[in-house]
Structure formats: structure tokens, C-alpha cells
Amino acid sequence: MKKHNFYAGPSILPEFTKQKTAEAAVDFAGTGLSVMEVSHRSKEFVAVMDEAVALVKELLKVPEGYSVLFLQGGASLSFLMAPYNLMKSKAAYLVTGSWASKAMKEAKYFGEVVEVASSKDKNFNYIPKAFEVPADADYLHITTNNTIFGTEIKTDLDVPVPMIADMSSDIFSRPIDVAKYDMIYAGAQKNLGPSGATLVIIKDEALDKTGRTIPTMLDFQTHIKNDSMFNTPSTIAVYACLQTLIWLKDKGGVEAMEKINIEKADLLYAELDRNKLFVPTVPAAEDRSRMNVTFVMAEGYEALEKEFNEFATSKGMIGLKGHRSVGGFRASIYNAMPVESVQALIDVMAEFEANH
Ligand code: PMP
């Protein structure tokens, strides 16, 4: 039976990425060696890193003056590295979920943190709109897609200070205006590749302004100066990321991807709005994530949750269980998820409704 992978991360990857990485795991670039057993300083691997960086720049139209890095430590380490490197004394944070809260916590080690708004009052089921960003803040930190609670900021905000964005779960899902950000970061394990690589896009000019001494590994300058090779990168993870970037370019890039993502999300939300058994957890259409579609059983049908989970699993739908802090269901429909899989889920939901 065909498996439809709705896991939130690590999550579905393009067949192309899996196939190419499987091949390179055995014979990489005609070396007769695995990509896991060649030096990261070999000319073959340096070419992988260079191409991956170039494709990120091309696909996201990264302006001059930015560096692209493939690091380790996940988005969670970037929570710390962002303020360590970019916060002089005051930073603003928009709290739209647990990841945003975790990011904000790290900034408190470095100075005054202003929480400009939070949607915690409604269990993070909306994006706060009317908030003011202090003009003297060094940056505004946002989490563009709220992987757990299913909300998303789908445009590049207009605020009086540069932004830092955690785009772990929606990077490459739409075009972005990189110039509005001093830093963008993303753990690879959603729209890019396996876990083990973290993509960082950083404005060179924004660095070296804090007056702070930064330990070597936590200093972005270390990684910029060494082209992400100060220490050994996760070579196979970067290789897989490169394959996804090649796939993405072939599909028409982030512009084409955005169209497909809108189509997939519209299909699924329309079913959730129609089907009497389910309700989306995010009421406002403009706040609903195109990447993580969260829903619960409708009032009066709560008792069917376990049964639906088993029914969906029996039909090949994998990874639909909601995050443990929310419950219910979450269908993660990242770039690599074909529209056919979204349709298959819709059919299963409609069949389940017909049975009840
Ligand atoms: N930010 C967001 C939006 C996430 O979804 C996650 C979970 N992958 C993280 C941060 C934490 O990422 P990592 O596990 O790579 O540290």
C-alpha cells in the first residue's frame, strides 16, 4: 500500500533527493567511495557545498552582502547564536508558539527583551496583528511558520527594524524578500533535507556590532571565514539538501512551489470546513499554515479521535497525530508532498464521515 507521509519533521523528501542520496551513499561523484567517507575538504565535497550555497542564493534571490551557511546544532542553536551575534542591548520578539518562546528565552541572556505580542491567550491559534515594534530594538524576531499550532506569517512584515526569522518549517515554500531580514535560519529537516544541517542566511554588515567576545564556534564570522568548514559539516545531510535544491529549481523554484502549496492547503482546509466531523484549530483563514494543517474532531465527535487515527493509518496515512502539546491531528504538507497525497487524505476523511 502507498504510504502518505504527513510527519512534521523529519518529514517527506522528494523521491529525487532520496534516490540521489542513496546512490551517493554508495558511490559519490564517481569516487568509488561513499559521500560519508570522503574528506569534507576533497574537491568533490567542496563542490557540493559551493553548489548548495549558490542555489540557495539563486532560489531565494539573496542580495549581495549576505552569507549562506550550512551549520549544525539545529534551529535550537540558532535561537542562541542570533542574539549572541546580533543583539546589542534590546531585542523584540513576536511570540506565536513554543518555538518562538524558546527563541526569546535565549535572548534574555544578552539584554532587554520586549515581547511585542503573544497569541498564548488562545493557545497560539492566531497571529497577532496590531503590535508595535520599538524603533530602538536591534531586531524583531519572528517564527514564520508555527509548526506545532498551525499558524503562518505568509508575507514579509513591514516593521521599523530588521527582522530575524526562524523559517524552519516554511523556508522555500514561497518567495521571500531577504533584504528585510538580518538573519534567516532553518533546521533542514522539513523543506530541505535530513536533520543534521541548519541553513543560515546572514547579513554580513549586521555582524560585529555587539562589542561582545563570542566563543569561536558560536561566532558566525568563524563559519563565514571558513565557508561552513571550520569544523566538519554533516556531509551527507548537506549532500541531500543540495539534491532538494536541484529538485526545487527544476520544479520552477519558490514561485512555482508557492502556487502548489496554496492549492494543496486550500484543498485540505476546504475539506475541513466542509466535513462535519472535523474542525481546523486555526479559525482565521489568513493565519492558517500552508505547511502544517492542524485540526481536531468537531464538537460532539470527540470520541471518534482514536478511531479516525486508526482508520487513517490503515489507509496508509502516516504521522497525522498532532503534537503532544495540542492533541488532535496535524497534516504536514511540505513542498515534497504531492497534491495526490493531500487528495488521498481528503478522500479518507470523507469516507470516515460517510461511515458515521
Ligand atoms: N523552530 C521551528 C519552527 C521548528 O519547527 C523546530 C522543530 N524542528 C525548531 C525550531 C527546532 O529545530 P531543531 O530541532 O532543528 O533545533
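How do the residues of the shell around the ligand divide into nonpolar, polar and charged, and what are the numbers? The shell holds two nonpolar, eight polar and one charged residue, where Ala, Val, Leu, Ile, Met, Phe, Trp, Tyr, Cys and Pro count as nonpolar, Asp, Glu, Lys and Arg as charged, and the others, Gly among them, as polar. The structure described here is a predicted model, in which local features need pLDDT of at least 70 and side-chain atom pairs count only at pLDDT 80 or more, while totals for chains, interfaces and linings use all residues. Residues are numbered from 1 along each chain as its sequence is written.

The residues around the ligand are Gly9, Gly74, Ala75, Ser76, Trp99, Thr143, Thr147, Asp166, Ser168, Ser169 and Gly187, a residue being near a molecule or strand if its C-beta atom, placed from the backbone, lies within 6 Å of it. The largest share of this shell, three residues, is supplied by helix H3, which spans residues 74-86. Helices (H or I, at least four residues) and strands (E, at least two) are DSSP runs, numbered from the N terminus.

Seven strands form an open sheet with mixed pairing, and their order is E2-E10-E9-E8-E5-E3-E4; two strands are taken to pair if DSSP finds at least two bridges between them. Strand E2 (66-71) and E4 stand at the edges with a single partner strand each, so one side of each is left without a neighbour in the sheet. Neighbouring strands of this sheet are turned against each other by 15° on average, direction ignored.

Within this sheet, strand E5 (residues 140-143) is joined to strand E3 (residues 90-95) by two bridges, and E3 and E5 run parallel; here Ala92 has Leu140 of E5 as its bridge partner. E5 is also joined to strand E8 (residues 163-166), again in parallel, by four bridges, and in this pairing Leu140 stands opposite Met163 of E8. Both faces of E5 are covered, since Leu140 and Ile142 on one side and His141 and Thr143 on the other are all buried. A residue is buried if 20 or more other C-beta atoms lie within 10 Å of its own, exposed if 12 or fewer, and partly exposed in between, with C-beta atoms placed from the backbone. Thr143 of E5 is also one of the residues around the ligand.

On the side of E8, four bridges lead to strand E9 (residues 181-187), with E8 and E9 running parallel and Ala165 standing opposite Ile184 in E9. Strand E9 is mostly covered, as seven of its seven residues are buried. Five bridges then join E9 to strand E10 (residues 198-203) in the antiparallel sense, and Met183 stands opposite Ile202 in E10.

On the side of E3, the pairing with E4 is parallel and extends over six bridges, with Leu94 standing opposite Ala117 in E4. The loop between strand E4 (112-118) and E5 contains Ala130, which is exposed because 5 other C-beta atoms lie within 10 Å. Ala130 and Val116 are 14 residues apart in sequence and, from C-alpha to C-alpha, 9.4 Å apart in space.

A separate description applies to an open sheet of three strands, which has the order E11-E12-E14 and antiparallel pairing. Strand E11 (278-280) and strand E14 (329-332) stand at the edges, each with a single partner strand, so one side of each is left without a neighbour in the sheet. The twist from one strand to the next averages 35°. Strand E12 (residues 292-297) pairs with E14 in the antiparallel sense over four bridges, and in E14 the bridge partner of Thr294 is Arg330.

Two packed helices are described by the angle between their axes and the distance between the axes. Axes are lines fitted to C-alpha atoms, for helices over the stretch in contact, and angles run from 0 to 180 degrees between N-to-C directions. Helix H2 (residues 43-59) packs with helix H6 (residues 235-250) at an angle of about 40°, with their axes 9 Å apart, and H2 and H6 are therefore oblique to each other. Angles under 35 degrees count as roughly parallel, over 145 as roughly antiparallel, 65 to 115 as roughly perpendicular and the rest as oblique. The axes of helix H1 (residues 15-26) and H6 come within 9 Å and cross at roughly 140°, so that H1 and H6 are likewise oblique to each other. H2 passes H6 in a left-handed crossing, whereas H1 passes H6 in a right-handed crossing; a crossing is left-handed if the near helix is turned anticlockwise from the far one by less than a right angle, and right-handed if clockwise.
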